[in-house]
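Here is the note you asked for, set out as numbered points. Please read it with the model open beside you.

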Amino acid sequence: MKSLAGVVCFSIITCVSWAFVVSVPANVPQDADLNKLPKGFLIGAGVSATQAEGSWKEDGKAESVIDHLVQNYRSMYAETNEVSAEHYKYYKEDLALAKELGLTSHRFSISWSRIFPTGEKSNPNPKAVTFYKDYIQAIKDNGMKPFVTMYHFDHPFSLEKETGGWTNTTMVEKFVEYAEFLFEQFGNEVEYWSPINEGNMYCIYVPPELGASGIEHYDPNSFYQCLHNTILAHARVYRLYREKFYAKQNGKVGISVLMWPATPNSSDYKDTVAADIFNELFSGTAVDPVVHGDYPPLSRYVIDKRSSEQGLKSSRLPHFTEEEKALLVNGGPSSDFVALNLYSGYKVEYVANVSDHGNNLMANMLLQPVLSDMEHVKVLSGGTFDLLDKDLMRTALLWSYNRYHLPIIITENGYGDRKGHGIHDYESRAEYHRANIGGLVRTSNEFNIPIISYHAWSLIDVFEFSSGYEG
Ligand SMILES: *[C@@H]1O[C@H](CO)[C@@H](O)[C@H](O)[C@H]1NC(C)=O
Ligand SMILES: *[C@@H]1O[C@H](CO)[C@@H](O)[C@H](O)[C@H]1NC(C)=O
Ligand SMILES: *[C@@H]1O[C@H](CO)[C@@H](O)[C@H](O)[C@H]1NC(C)=O
C-alpha cells in the first residue's frame, strides 16, 4: 500500500485501478505483498542418516533395521544404502554446497544405531557424539540453522529383534532414553527438533517390508498399534523436553507427518466429503492426538466398526488411557509446530460403494492399510513423487492450520526425477520447487498462517527406499 503513494495517474485506467486498490481494506494483502517472504523464514534442504551417510558400520555404528532390511531383501532392493552419498565422510563439502546455494536451514537426522549401537543408553558411542557435534557446528559455520530429526526409520536392528518393533511399548521407553541423550548432548545447539519422522509412513512401509522379506512376522492389523506407539513416544519426548531442557535450551519440538492432501474431484459437495474423510483418516489420525488429545471421532468410529465387522476382538485403533491423554494435551498441545512432508495431493470422489477405493497404483501402495478404512472414498489420481500440484501447499496449509493452529514447517518437498532430466531440470524440478515455495509463501501471507521454514528433499542424491538411486 505504501508504495502506491507515489503512483502518478498516467491515464484513466491507471487512476481507476489505483482507486480500486486503495479502497481495499488495509488488512487484505496485495499481490506483491503475497509473495514477500515472511520475516525470519528459513529455506533449506534435507538428508537423513540412513539414506545419505553410508559408512554403515564405521566408527562403532551398528546395523539399523533399514540396513538389515535393504541388505537382506535384495529381490526388492536392487541397490543398498551401505555407501549411499558418503555423507558421513563428505558432509563438510556437502554443507559448503548448501551454503553456496544460499540455504539458511539444514535438516538432517541422527542415526540411532550410531549413537547407541546396542540400543542401550548405558553404551553410547563417543565417536558418534563427536561426529554429530562437529556436524552441527559445520551447519552453523555455513550460516544455517540445524533442524534435527532424531529418528528417520533407522533404529538399531538389535532393538527390532528384541522387541519386534514399534508395536511393542518397549520401543517407546527406548526412544525416550535415546531422545534424552540427544537433548543432553546436542540440545544447547539446536532450536528445532522433530523426534520421529512421519510415523504414519514408517508404520505403513517398514513393518510390512520386514514381513514380506521374511525377516519378521507382520500382522496387517497392527498398523494403528505401531502409529499409536510413535505418537506416545513423541508426546513423552515433548514433555521431557519441556520439563527438563526447555528452560535452558529454548527450542521447539514438533510432530512430523506425511500428508497427501486430498481435494475433491468436483464441486459437488459429495466429493468434498470424500476429501474430508481422506484427510481426517490419513493425516488427522497421525496428528490429532498431540493437539486434541485423542484420535479424530471419525477414525475412532469407522475403525472400531470395521474391526468389529472383521471379527476382531478389539479395535485395530488402540485407546489412550486417561493418563496418556493428559500427557498428549497438558495445558496445551505436545507439539510446537506441525512438520509436513509433502510431495503431491490426491483427487478423490465420493462413491456409494464403501470399499471401492479405485485403482490408483500409488494410493494402493502407499496408503494401505488406512485407505481400506476410508469408506466411500475413491482415489482418482495424484500421489506421485514427480507431480507438480499447484494447489499442494495451499491445501496442506489450510487444512493443517485450520485443524491445529500451530506454525508449520515443511520438512520435505521434492521431485523425483523419474524421467531422467538430470541437471537440465529447469522445467521439471526447478519449476516444482518454485511453484511450491511460491504457494507456501502466498498461502501463508493470504491467510496469516505462520510458517517457519521450507526444506527441499533432498540436498544431495540419496538412497530412496523403493527406488534406490533413481529419481
Ligand atoms: C516387547 O519387548 C520386550 C523386550 O523389552 C520383550 O520381552 C517382549 O516379549 C516384547 N513383547 C512382544 C509382544 O513382543
Ligand atoms: C471428476 O470430475 C470431472 C470434472 O468435473 C468429471 O467429468 C468426472 O466425471 C469426475 N469423475 C471422474 C471419475 O473423473
Ligand atoms: C464395491 O467395490 C469393491 C472393490 O472395488 C468391489 O469388489 C465390489 O464388487 C463393489 N460392490 C458393488 C456392489 O459394486
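**Notes on the predicted model**

1. Strand S8 sends its side chains in two directions, with Val338, Leu340 and Leu342 pointing one way and Ala339 and Asn341 pointing the other, and every one of these residues is buried. Since 5 of the 5 residues of S8 are buried, the strand is largely enclosed by the rest of the structure. Please bear in mind throughout that this is a predicted model.

2. On one side, S8, which covers residues 338–342, runs parallel to strand S6, and 5 bridges join the two. Two of the pairings can be followed residue by residue: the bridge partner of Ile255 in S8 is Val338, and Ser256 stands opposite Ala339.

3. Strand S6 itself, residues 255–259, is mostly covered, with 5 of its 5 residues counted as buried. The burial applies to both of its faces, one carrying Ile255, Val257 and Met259 and the other carrying Ser256 and Leu258.

4. S8 also pairs with strand S11, residues 408–413, again in the parallel sense and over 5 bridges. Within this pairing, Leu342 of S8 stands opposite Asn413 of S11. S8 therefore has parallel pairings both with S6 and with S11, and it is largely enclosed by the rest of the structure because 5 of its 5 residues are buried.

5. Turning to the whole protein, the model contains 17 helices and 12 strands. The radius of gyration is 23 Å, close to the 23 Å that the globule rule gives for 471 residues, so the protein is as compact as a globular protein of that length. Its C-alpha atoms fill a box of roughly 80 × 55 × 50 Å, taken along the principal axes.

6. Of the 471 residues in the protein, 46% are buried. Among contacts between residues at least 6 apart in sequence, 79% join residues that are at least 24 apart.

7. Two ligand surroundings deserve separate inspection. Ligand 1 is surrounded by Glu162, Thr163, Gly164, Asn168 and Thr170, a shell that divides into 4 polar residues, 1 charged residue and no nonpolar residue. Around ligand 2 the residues are Asn265, Ser266, Glu349 and Leu380, and this shell divides into 2 polar, 1 charged and 1 nonpolar.

Note on methods. Residues numbered from 1 in each chain as written. Chains lettered and ligands numbered in written order. Predicted model: local features only at pLDDT ≥ 70, side-chain atom pairs only at ≥ 80, totals over all residues. Helix = DSSP H or I, 4+ residues; strand = E, 2+ residues; numbered from the N terminus. Rg over C-alpha atoms; globule rule 2.2 N^0.38 Å. Buried ≥ 20, exposed ≤ 12 C-beta atoms within 10 Å, placed from the backbone. Contact = placed C-beta atoms within 7 Å. Near = placed C-beta within 6 Å. Nonpolar A, V, L, I, M, F, W, Y, C, P; charged D, E, K, R; others polar. Pairing = 2+ DSSP bridges.
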